[in-house]
Amino acid sequence: ITDDNPVTYYMDSVEDIMEDYIPMMNTMVRLKVYQGNAEALYNDAYKTMSEYHKLLDSHHYYRDENNDLVKNIRIINDSYATETAMEVSTEMIEILESAMKMAELSQGYFNPFMGALIDLWSPKFSAFPIENTDPEPADIEKAKACVPAVEQMHDILVIDKENSTVTFKQMDGCSGTVSMNLGAFSKGYIIDKTREVLMNHDAVWLLDAGTSTIAGYDPDSTKTWTAGVISPYNKAAMLYVLKLASNQCLSTSGDDNQYFLLNTGDDFPTVRCHILNPMTGYSENTYRSASVMTQGNAVISDVLSTVMFSVSNKNEAFDIIKAFEKEYNTEIAVSWIRETDTEFKLAA
């Protein structure tokens with residue numbers, strides 16, 4: 001193994017109770033090892049990632065090493081409106097409290113209860129450029145009625161930390177179902193837990209989840225990595241590059257993956273992407289992408305890159321960033337790509 005010729009692993013899928021194989025974090029996850037015991041690093045990474053993937057998945061059921069059913073986000077969603085206190089792991093309590101804290105700090109732009117909206121929009125998106133139409137406005141309003149505001153969250157999902165239970169209560173005004181989908185939080189959280197394990201090795205490595213979340217580590221803190229932010233117009237081109245030092249995390253959210261083109265009659269179609277604003281129920285078009293770099297905290301990077309994509313007011317965006325910096329005692333760097341020149345688009 002050398003810096004110029006690292007060993008590269010791609011994470012295996014995770015088997016659910018139906019014996020289907022689910023992609024790790026529903027994306028491609030890559031581990032590059034530059035120095036150290038590559039096989040041991042991969043084994044530890046896979047074990048950690050699969051454990052948290054099972055906990056955070058909102059669509060599938062899994063069994064643990066003892067063949068017991070994992071009480072994950074999907075199981076909690078199934079308990080909606082039953083008014084039954086469900087015993088969960090202390091790790092799940094930590095996950096839920098952390099997610100709701102970030103919802104508060106983000107002023108509601110990150111919302112862990114967006115399942116109804118996500119389920120409504122998801123079938124319309126594609127990895128390739130296709131034309132499609134928005135859901136009916138009435139359906140969007142119905143789904144929004146099942147997305148609680150920040151001040152409602154703790155009344156709907158009651159967390160009893162002492163007894164390690166959660167109770168998912170009925171939401172007034174919701175004629176459908178409230179469900180959790182932790183989205184970007186999940187990927188960042190899993191990367192952070194894996195980083196904690198891999199940092200115990202005397203090794204140099206880089207984790208890359210879906211090419212949108214990157215975290216590297218060098219025990220000597222000498223190695224840096226170059227990460228390019230691609231052009232939304234031409235995926236083979238980079239608009240700028242960022243230097244990623246050891247123990248830094250970078251996340252980029254953009255409208256060039258899982259999207260569709262909405263024909264509005266203008267010269268150029270509107271891009272509707274998978275990043276939804278919980279307040280409006282639509283994907284926003286203020287930016288083409290947003291990138292966030294943090295000191296060793298991938299979940300903040302992932303959550304904030306998603307949040308920043310929807311916040312059009314820069315003062316509001318900076319207030320949110322400052323709130324995260326104060327709460328987590330860290331420094332955060334943010335960059336945006338905004339479309340300002342249609343001539344550039346034509347040239348591309």
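**Surface patch, cores and a buried aspartate**

Ile17, Met18 and Leu69 come together as a nonpolar surface patch with about 280 Å² of accessible area in total (patch members have over 30% relative accessible area and no salt bridge, and nonpolar side chains are joined within 5 Å; a salt bridge puts a side-chain nitrogen of Lys or Arg within 4 Å of a carboxyl oxygen of Asp or Glu; areas are Shrake-Rupley values with a 1.4 Å probe). The model is a predicted one, so local features need pLDDT of at least 70 and side-chain atom pairs pLDDT 80 or more, while totals for chains, interfaces and linings use all residues. Residues are numbered from 1 along each chain, and side-chain values use heavy atoms, leaving out hydrogens and water.

Leu69 sits in the loop between α1 (38–56) and α2 (73–78) (helices are DSSP H or I runs of at least four residues, strands E runs of at least two). At 40% relative accessible area, Leu69 is partly exposed, that is, between buried (under 20%) and exposed (over 50%).

Turning inward, the largest nonpolar core holds 89 residues, with Leu31, Ile76, Phe185 and Met308 making the most contacts inside it (core members are buried nonpolar residues joined through side-chain atoms within 4.5 Å). Helix α3 (residues 90–105) is the top contributor, giving 9 residues. Another core, of 9 residues, lies apart from it and includes Tyr34 and Trp225.

Then there is Asp255, in the loop between β12 (248–254) and β13 (259–262). Asp255 counts as buried, at 4% relative accessibility. Its side chain makes a polar contact (N or O atoms within 3.5 Å, one able to donate a hydrogen and the other to accept it) with the side chain of Arg288, at 2.6 Å.

Note on methods: Buried < 20%, exposed > 50% of the residue type's maximum accessible area, 1.4 Å probe, protein only. Patch = residues over 30% accessible without salt bridge, like charges linked within 9 Å, V, L, I, M, F, W, Y side chains within 5 Å.
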